[in-house]
Amino acid sequence: MGPTRKPNVCRRLSRRALGCFSRDAGVVQRTNLGILRALVCQESTKFKNVWTTHSRSPIAYERGRIYFDNYRRCISSVASEPRKLYEMPKCSKSEKIEDALLWECPVGDILPNSSDYKSSLIALTAHNWLLRISATTGKILEKIYLAPYCKFRYLSWDTPQEVIAVKSAQNRGSAVARQAGIQQPVLLYLAVFRVLPFSLVGILEINKKIFGNVTDATLSHGILIVMYSSGLVRLYSFQTIAEQFMQQKLDLGCACRWGGTTGTVGEAPFGIPCNIKITDLPPLLFEVSSLENAFQIGGHPWHYIITPNKRKQKGVFHICALKDNCLNENVLTVTASGRVVKKSFNLLDDDPEQETFKIVDYEDELDLLSVVAVTQIDAEGKAHLDFHCNEYGTLLKSIPLVESWDVTYSHEVYFDRDLVLHIEQKPNRVFSCYVYQMVCNTAEEEETINRSC
């Protein structure tokens with residue numbers, strides 16, 4: 001059983017006003033978040049559906065900002081009503097933004113321009129431009145042309161807020177070549193950049209002649225992760241690969257001669273040549289077999305999470321120590337549906353015939369485990385978002401979602417401090433967004449307000 005004593009918000013606020021905390025800014029921040037956690041979880045606090053909107057294009061959410069029209073329209077979710085931050089000019093289909101990451105200013109770094117101290121959206125367009133866009137105005141601050149020889153499609157953090165990886169679509173070859181049984185040796189390309197100011201690390205090709213019948217590859221925390229159809233996952237050091245196989249160091253904005261062509265690196269039509277070409281298999285760091293290549297690594301000391309490579313084990317995850325591959329006995333198994341989440345004991349358990357857990361997430365600032373549970377009533381499902389104490393598993397708060405929940409649709413639910421946001425994808429590419437905000441005034445009407453933005 002967890003502790004029953006509840007924190008006194010008034011006492012905390014009084015102590016804060018009197019300056020009874022350490023001068024360390026982190027202590028004040030943790031105190032403020034403790035106050036917010038107490039307000040979120042108290043019985044009288046409600047979460048009210050303040051507005052709803054629908055769209056024919058995907059909807060994305062990131063730190064208080066909701067993006068529409070392929071990231072070209074940005075709405076603030078902080079205010080009680082939707083407030084447009086910016087809307088970029090209309091563009092052609094080839095110029096649309098396909099993927100984006102939110103970059104936030106690092107603490108303590110000296111940056112070249114005053115605008116660099118504000119958040120930026122790093123965006124990838126359909127015609128291979130990498131853009132840095134002001135997150136508050138939508139103004140394009142920097143732009144880099146990637147390459148004419150492949151189609152880049154995905155953005156991810158290699159090192160969060162420091163290094164990005166831009167991955168190309170897989171090279172399937174032409175229809176004629178496929179019919180003739182001719183396979184393309186290069187599966188995909190990975191372009192790696194340090195951010196703000198943008199600087200090129202290099203572009204790496206993933207070649208089947210080197211790695212064998214590889215089906216996918218990605219970059220994370222300096223590790224090249226290569227995947228195979230058998231479920232095999234292999235890890236290599238990207239730094240070692242770059243040092244050993246980089247053909248030529250390239251700098252953005254500098255003249256370059258490559259393959260008989262001269263141009264400026266990062267400008268159209270020259271772009272950035274692929275300057276890291278592996279000629280021999282690099283040293284293997286680690287390999288493991290996992291169903292559908294499900295693999296994550298992290299923690300201290302290092303652990304990794306896999307799904308045993310058997311179909312009947314789908315949805316089950318094992319947490320193992322990296323040093324000896326031993327299954328962690330304190331965290332035995334975790335199911336994708338949240339069916340059983342185990343630390344040193346069972347924290348959560350659902351009843352599949354009555355309700356099922358669909359989404360389990362962790363709110364790190366408030367130290368709460370959020371769980372979306374769905375109850376099927378005839379043809380309609382109803383969902384509620386539950387907040388559990390992360391340490392003891394105790395249910396602290398349950399928030400009913402007013403909209404119906406169809407389990408056949410795709411859903412995303414975000415809990416961000418005093419905000420709950422539900423994004424739903426319906427058939428025929430219809431997207432809906434439901435925003436809930438914390439309300440502490442119990443006298444206020446509970447009536448739902450739906451507004452279109």
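Start by selecting helix α5, residues 238-245. In this predicted model, helix α5 lies across three strands, β14, β15 and β16. Turn the view until you can compare helix α5 with β16: the helix runs at about 60° to that strand.

Now hide the helix and look at what is underneath. In which order do the strands of this open sheet come? Color them one by one and you'll read β14-β15-β16-β19, four strands with antiparallel pairing. Want to find the edges? Pick residues 214-220 for β14 and 286-289 for β19; each of these edge strands pairs on one side only. While you're rotating the sheet, check its twist: neighbouring strands are turned by 20° against each other on average, ignoring direction.

Next, zoom in on the middle of the sheet. Select residues 223-228, which is β15, together with residues 232-237, which is β16. How many bridges join β15 and β16? There are five, and the pairing is antiparallel. For a landmark, click Ile223 and look across to β16, where Ser237 stands opposite. As a general reminder, strands of a sheet pair through backbone hydrogen bonds, either parallel or antiparallel.

Last stop: jump to strand β1, residues 46-55, and pick out Asn49. Is Asn49 buried or exposed? Its relative accessible area is 3%, and buried means under 20%, so Asn49 counts as buried. Show side chains here and follow what Asn49 touches. The side chain of Asn49 makes a polar contact with the side chain of Thr52, at 3.4 Å. The Asn49 side chain also reaches the backbone oxygen of Val435, at 3.1 Å, so add Val435 to your selection before you leave.

How values were computed:
Residues numbered from 1 in each chain as written. Predicted model: local features only at pLDDT ≥ 70, side-chain atom pairs only at ≥ 80, totals over all residues. Heavy atoms only, no water. Pairing = 2+ DSSP bridges. Helix = DSSP H or I, 4+ residues; strand = E, 2+ residues; numbered from the N terminus. Axes fitted to C-alpha atoms, helices over the stretch in contact; angles between N-to-C directions. Contact = heavy atoms within 4.5 Å. Buried < 20%, exposed > 50% of the residue type's maximum accessible area, 1.4 Å probe, protein only. Polar contact = N/O pair within 3.5 Å; in protein donor to acceptor, adjacent residues only side chain to side chain.
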